[in-house]
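User: I would like to learn how to read a protein model. Can we go through one step by step?

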Amino acid sequence: ILLDLVVLHQTQLPAIAHDSFLFTDIENSTVCQIIKIYNLFKKQIFVSLTDKSTYNNSETSEIIKKSEVLSLSANGNELFGENWKVNKK
């Protein structure tokens, strides 16, 4: 993650994306600090979080809330409005 941020900062790269699997072995308090660092950048950083409620630090929650573009969940809020796990006949 830090290498990606250095490359983003030091180059003309306009954006990076980090999927939720990058955060699975990192403590929630550390992920909160990473999110605060993301917030310092003027370039775009796309992040996928599996359960944003686990990052309940008030500052982190505010950053997530103001930066959130897309939020997906079950029961009608799936991507393209369809549950892709359901077998179709």
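User: How much area does the protein chain expose, and what share of it do carbon and sulfur atoms supply?

Analyst: Bear in mind that this is a predicted model. The protein chain exposes about 7,100 Å², and 55% of that area comes from carbon and sulfur atoms.

User: What pattern does the protein chain follow along the sequence?

Analyst: Helices are written α and strands β, and the order here is α-β-α-β-α. That gives three helices and two strands. The C-alpha trace spans about 50 × 30 × 25 Å along its principal axes.

User: Is Ser-20 buried or exposed?

Analyst: A residue counts as buried when its relative accessible area is under 20%. Ser-20 has 18%, so Ser-20 is buried. Across the protein chain, 20% of the 89 residues count as buried.

User: Where is Ser-20, and which residues is Ser-20 in contact with, leaving aside neighbours within four places in sequence?

Analyst: Ser-20 sits in the loop between β1 (15–18) and α2 (28–40). With those neighbours left aside, its contacts are Ser-48, Leu-49 and Thr-50. With Thr-50 there is also a polar contact, side chain to side chain, at 3.2 Å.

User: Which residues make the nonpolar surface patch?

Analyst: The patch covers about 770 Å² and is made by Val-69, Leu-70, Leu-72, Leu-79, Phe-80 and Trp-84. Take Leu-79, which lies in the segment after α3 (58–67).

User: Why is Leu-79 called partly exposed?

Analyst: Partly exposed lies between the cut-offs of 20% and 50%. Leu-79 has a relative accessible area of 40%, so Leu-79 is partly exposed.

Definitions and conventions. Residues are numbered from 1 along each chain as its sequence is written. This is a predicted model: local features need pLDDT of at least 70, side-chain atom pairs count only at pLDDT 80 or more; totals for chains, interfaces and linings use all residues. Side-chain values use heavy atoms; hydrogens and water are left out. Buried means under 20% relative accessible area, exposed over 50%, partly exposed in between (1.4 Å probe, protein chains only). A polar contact is a pair of N or O atoms within 3.5 Å; within protein, one must be able to donate a hydrogen and the other to accept it, and residues adjacent in sequence count only if both atoms are side-chain atoms. Contact means heavy atoms within 4.5 Å. Patches are made of residues with over 30% relative accessible area and no salt bridge: like charges are joined within 9 Å, nonpolar side chains (Val, Leu, Ile, Met, Phe, Trp, Tyr) within 5 Å. Accessible areas come from the Shrake-Rupley method with a 1.4 Å probe; for residues, only the protein chains shown count as cover. A salt bridge is a side-chain nitrogen of Lys or Arg within 4 Å of a carboxyl oxygen of Asp or Glu.
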